[in-house]
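Reader: I am new to this structure and would like a close look at a single part of it, the sheet. Please take me through its strands and what lies across them.

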Amino acid sequence: VTIQAQILDLLQDLQRRLGMAMLIITHDLGVIAEIADEVVVMYAGKIVESAPVDALFADPQHPYTIGLLGSIPRIEVDRERLSTIEGSVPSPNNQPKGCRFAPRCPFADPRCHLEPPPLRDLGPEHRVACWKAPVELARAA
């Protein structure tokens, strides 16, 4: 963890001094929250959501993003187990016909299993590939 922090500090220093952009690929949402300006969430090789970091953490719209953020341990929340996303990632050789997350999605309906959703705008710089977004509508259904 100490070496990771030192490397990230070094990268951020280089970014400031050289005025460069950085692309960081990671599964560590803590790193994303700390250093990213914008986030692109991918599932099974496809972009499922993109937004400014604050917007994504405050109001995730794709069920996969919601599941990822729900699996982060939080000091202020007392729970015995972290949330999990049921099921398994599909094999690269055997992707589902519709949305790649549909077999694991609690909101999926027949359309999700048949038609891949396009990446569409939900708000300023917030895009999501989900037929059920915004999720408030999906939760109410």
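Author: What follows is a description of the sheet, beginning with how the model is to be read. This is a predicted model, in which local features need pLDDT of at least 70, side-chain atom pairs count only at pLDDT 80 or more, and totals for chains, interfaces and linings use all residues. Residues are numbered from 1 along each chain as its sequence is written, and side-chain values use heavy atoms, with hydrogens and water left out.

The sheet is open and has 4 strands in the order β1-β2-β4-β3, with antiparallel pairing; strands here are DSSP runs of E with at least two residues, numbered from the N terminus, and two of them pair if DSSP finds at least two bridges between them. Because β1 (38-43) and β3 (120-123) stand at the edges with a single partner strand each, one side of each is left without a neighbour in the sheet. Direction ignored, neighbouring strands of this sheet are turned by 25° against each other on average, where axes are lines fitted to C-alpha atoms, for helices over the stretch in contact, and angles run from 0 to 180 degrees between N-to-C directions.

At the β1 edge, the pairing with β2 (residues 46-52) is antiparallel and extends over 6 bridges, and M42 has I47 in β2 as its bridge partner. Across β1 and β2 lies helix α4 (residues 63-70), which runs at about 105° to β1; helices are DSSP runs of H or I with at least four residues, and contact means heavy atoms within 4.5 Å.
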